[in-house]
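Me: Hi! Could you walk me through this one with me? I'd like to go through it bit by bit.

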Amino acid sequence: MKNSELLQAIVQNAIDGIITIDVKGMVQHVNPSASKLFGYEVDEILGNNISMLMPPPDSAQHDQYLRRYDVTHQPRIIGIGREVTGLRKDGSTFPMKLAVSEVKYAEHNFYVGFIHDLTQQKEDHEKLKEYALHLEELVEIRTQTLHDTIQELETAKEQISISLENEKELNRLKSRFLSMASHEFRTPLSAVLLSASLIDKYAEPYSSNEIIKHVGKIKSSVAGLTFILNNFLQLEKLESGKISAAFVAFDLRELGEEITEEMQLLIKGGQKIVYHHTGSETVVKLDKNLLKNAIVNLITNAVKYSGDNAIIAFDTEIMEKTFKITVEDNGIGIPEEDQKYLFDAFFRAHNTGSIPGTGLGLNIVARHVDLMGGKITFNSQENKGTLFTLLFDRL
């Protein structure tokens, strides 16, 4: 292919518009992208003054600008580039980036303009500005919307479970749904948490207990919702076989103390989490992340289903051949008739009432424990509390 043919092909297929004019401003060449951008056929532009593509006052001043440049060679656009406004055939205008180069060919001077449409970029910029200005105002609305959406998800889950008879198809659709919903909620959750943190920061000079209290409520709600979404994602990964146990040695007592400290953020009223480790040894070999997730789920349930002044007992014990973790509360307990369904996904005992929840936590705990080769047992009486025990062989 000759160089001229290659150059012609590049110009004709360029994404940006390219227009060539002579020193009098008459259009000599227009590529398809430029004609489409301005809404003209190529023949409608060729041979006409380039000012036809400019709104006033630029259209009236363009020829004078060319003459001045021809005399002074002091550029305003040529060789520099700037943002200008274009005029379409239908009379509408649009923002564009214009870069002009001077070309000498066969003893004649020409000007080549490269045009990039900025319409979408401008629209996106305005949307970002508008969103930033109203972000803090949306915190309360977003929080309520997220709560409502979680309730809608639970309702949708029940409807899907009833309507689908094929268990395999149900699991496939459920996994896709949970994965999509969980990922979609992360962006607004992050926005709510960021806004709450900014409010907390900007309110420091005012020392307002009310602001501190409400910001704390927002952060606590976001933490609760994030925990629920993490469970949704965990279930999806378990369903699709994406999770496997990675055994490493770690200090069980340190993990217990770390979890106890973190869970203090979720307790209510005068509740208290009491942690105790038994045994002189502290190092075990398990999947630390899976074990932490299981314990956090158990303590979260204990906090949720216990009264305001309850004591949640969290214990770890390392023995010669085994070690165990127990979480005990004196909350509402599990009705005997519901206990056989306790580890099923989305199952909730009938005495949970209006206490929020998804019915995923214990299913995830059981599956994580199984991945690590352990066993989970429980002992519970309605209105007298529940004791969960995780038992593992030492490796």
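Me: Let's start with two rings. Are Phe-323 and Phe-392 buried or exposed?

Reply: Both Phe-323 and Phe-392 are buried. Buried stands for under 20% relative accessible area, exposed for over 50%, and partly exposed for anything in between, using a 1.4 Å probe and protein chains only. Keep in mind that this is a predicted model, in which local features need pLDDT of at least 70, side-chain atom pairs count only at pLDDT 80 or more, and totals for chains, interfaces and linings use all residues. Residues are numbered from 1 along each chain as its sequence is written, and side-chain values use heavy atoms, with hydrogens and water left out.

Me: Good to know. How many aromatic pairs are there in the whole structure?

Reply: A search of the whole structure gives 6 aromatic pairs. Rings of Phe, Tyr and Trp (its six-membered ring) pair if their centres lie within 6.5 Å; planes under 30 degrees apart are stacked, over 60 edge-to-face, and the rest tilted. Phe-323 and Phe-392 form a stacked pair, with 5.4 Å centre to centre and 25° between the planes. This pair links distant parts of the chain, as Phe-323 sits in strand β10 and Phe-392 in strand β12, 69 residues apart.

Me: And what kind of pair do Phe-378 and Phe-388 form?

Reply: That one is tilted, at 5.9 Å centre to centre and 40° between the planes. Phe-378 belongs to strand β11 (residues 375–381) and Phe-388 to strand β12, 10 residues apart. Phe-343, Phe-378 and Phe-388 form one aromatic cluster.

Me: Why does Phe-378 count as partly exposed?

Reply: Because its relative accessible area is 25%. Phe-388, with a relative accessible area of 7%, is buried.

Me: Switching to the core. Which residues touch the most other members of the largest nonpolar core?

Reply: Leu-291, Ile-299, Phe-314, Leu-390 and Phe-392 do, out of 36 residues in that core. A nonpolar core here is a set of buried Ala, Val, Leu, Ile, Met, Phe, Trp, Tyr and Cys residues joined through side-chain atoms within 4.5 Å. Elements giving two or more residues to this core include α9 (252–263), β9 (311–318) and α11 (361–371). The most come from α10, with 9 residues.

Me: What does Leu-390 touch?

Reply: Leaving out residues up to four places away in sequence, its contacts (heavy atoms within 4.5 Å) include Leu-291, Ala-294, Leu-298, Phe-323 and Val-365. There is also a second, separate core of 20 residues, and Ile-19, Val-30, Tyr-40 and Leu-53 are among them.

Me: Back to α10. How many of its residues are buried?

Reply: 13 of its 17 residues are buried, so to speak of α10 as mostly covered is fair. α10 reaches 24 Å from its first C-alpha to its last, close to the 24 Å expected at 1.5 Å a residue, where the expected span is 1.5 Å times one less than the number of residues. At its start, a side-chain oxygen of Asp-287 comes to within 3.1 Å of the backbone nitrogen of Asn-289.

Me: Last one: how many helices and strands does the protein chain have?

Reply: The protein chain has 11 helices and 12 strands. These are DSSP runs numbered from the N terminus, with helices being H or I of at least four residues and strands E of at least two. Of the 395 residues of the protein chain, 39% count as buried.

Notes:
Polar contact = N/O pair within 3.5 Å; in protein donor to acceptor, adjacent residues only side chain to side chain.
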